Amino acid sequence: MRGDMTAPRLRKYCVYKGDEWIDIVRIYEMPCDGMIRYVVRHMEEEDMWVFDSPLEVLEFVRHEFIVADKPLRIGECP
């Protein structure tokens, strides 16, 4: 690998339920073929999934991980 190669750092987001962040899920925004894809990572099991939109991410998180008694949203990690 060449010493002058740099790779952009992926932007990292968290999922919030109300005002509390969900610590087992991280979302990474990744440029891909002129689009943005969203990689969801389960921090404990280290599983990863890729989605086309933030709405798909929230639906997946709601279905797979969270009993959503409050609205879910994506935001900056604490």
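**Entry 1: terms and ground rules**

Helices (H or I, at least four residues) and strands (E, at least two) are DSSP runs, numbered from the N terminus. With that in hand, I placed E46 in the loop between β3 and β4.

I am working on a predicted model, where local features need pLDDT of at least 70, side-chain atom pairs count only at pLDDT 80 or more, and totals for chains, interfaces and linings use all residues. Residues are numbered from 1 along each chain as its sequence is written, and side-chain values use heavy atoms, with hydrogens and water left out.

**Entry 2: the chain as a whole**

I counted elements before anything else. The protein chain has 1 helix and 5 strands. Their order along the sequence is β-β-β-β-α-β.

I then looked up the extent. The C-alpha trace spans about 50 × 25 × 20 Å along its principal axes. The accessible surface is about 5800 Å², by the Shrake-Rupley method with a 1.4 Å probe. Carbon and sulfur atoms hold 51% of that surface.

Burial came next. Of the 78 residues, 29% are buried. Buried means under 20% relative accessible area, exposed over 50%, and partly exposed in between (1.4 Å probe, protein chains only).

I also checked contacts, meaning heavy atoms within 4.5 Å. Among contacts with a separation of 6 or more, 34% join residues 24 or more positions apart.

Charges: I find 11 positive and 16 negative side chains. Lys and Arg count as positive and Asp and Glu as negative; His and the chain ends are not counted. The centres of the two sets lie 5 Å apart, with each charge placed at NZ of Lys, CZ of Arg, CG of Asp or CD of Glu.

**Entry 3: the sheet**

In what order do the strands lie in the sheet? I read it as β4-β3-β2-β1-β5, an open sheet of 5 strands with antiparallel pairing. Two strands pair if DSSP finds at least two bridges between them. The edge strands are β4 (48–51) and β5 (72–76), and each pairs on one side only. From one strand to the next the twist averages 35 degrees.

Helix α1 (residues 54–64) packs on this sheet. It touches β1, β2, β3 (35–42), β4 and β5. Its direction makes about 120 degrees with that of β5. Axes here are lines fitted to C-alpha atoms, for helices over the stretch in contact, and angles run from 0 to 180 degrees between N-to-C directions.

**Entry 4: strand pairs**

I went through the pairs with their bridges.

- β1 (residues 11–17) and β5 are antiparallel over 5 bridges. Y16 has R73 as its bridge partner in β5, and K17 stands opposite L72.
- β1 and β2 are antiparallel, joined by 6 bridges. Here K17 has E20 of β2 as its bridge partner.
- β3 and β4 run antiparallel, with 4 bridges. R41 faces M48 in β4.

K17 therefore appears in two of my notes: opposite L72 in β5 and with E20 in β2, each pair resting on the DSSP bridge criterion.

**Entry 5: turns and positive phi**

Most residues other than glycine have a negative phi, and most peptide bonds are trans. I looked for exceptions.

The hairpin of β1 and β2 has 2 residues between the strands, and G18 there takes a positive phi near 65 degrees. The hairpin of β3 and β4 has 5 residues between its strands. In that turn, E46 has a phi near 60 degrees, positive in a residue other than glycine. E46 is exposed, with a relative accessible area of 53%.

D33 is another case: phi is about 55 degrees, although D33 is not a glycine. D33 sits in the loop between β2 and β3. Is D33 buried or exposed? At 76% relative accessibility, D33 counts as exposed.

**Entry 6: W21 and S53**

W21 is in strand β2 (residues 20–32). Its relative accessible area is 36%, so W21 is partly exposed. Which residues does W21 contact, leaving aside neighbours within four places in sequence? I list C14, V15, Y16, R26 and P78. I also took a C-alpha distance: W21 and I74 are 53 residues apart along the chain and separated by 9.2 Å.

S53 lies in the loop between β4 and α1. At 22% relative accessibility, S53 counts as partly exposed. From S53 to Y38 is 6.7 Å, C-alpha to C-alpha, with their positions 15 residues apart in sequence.
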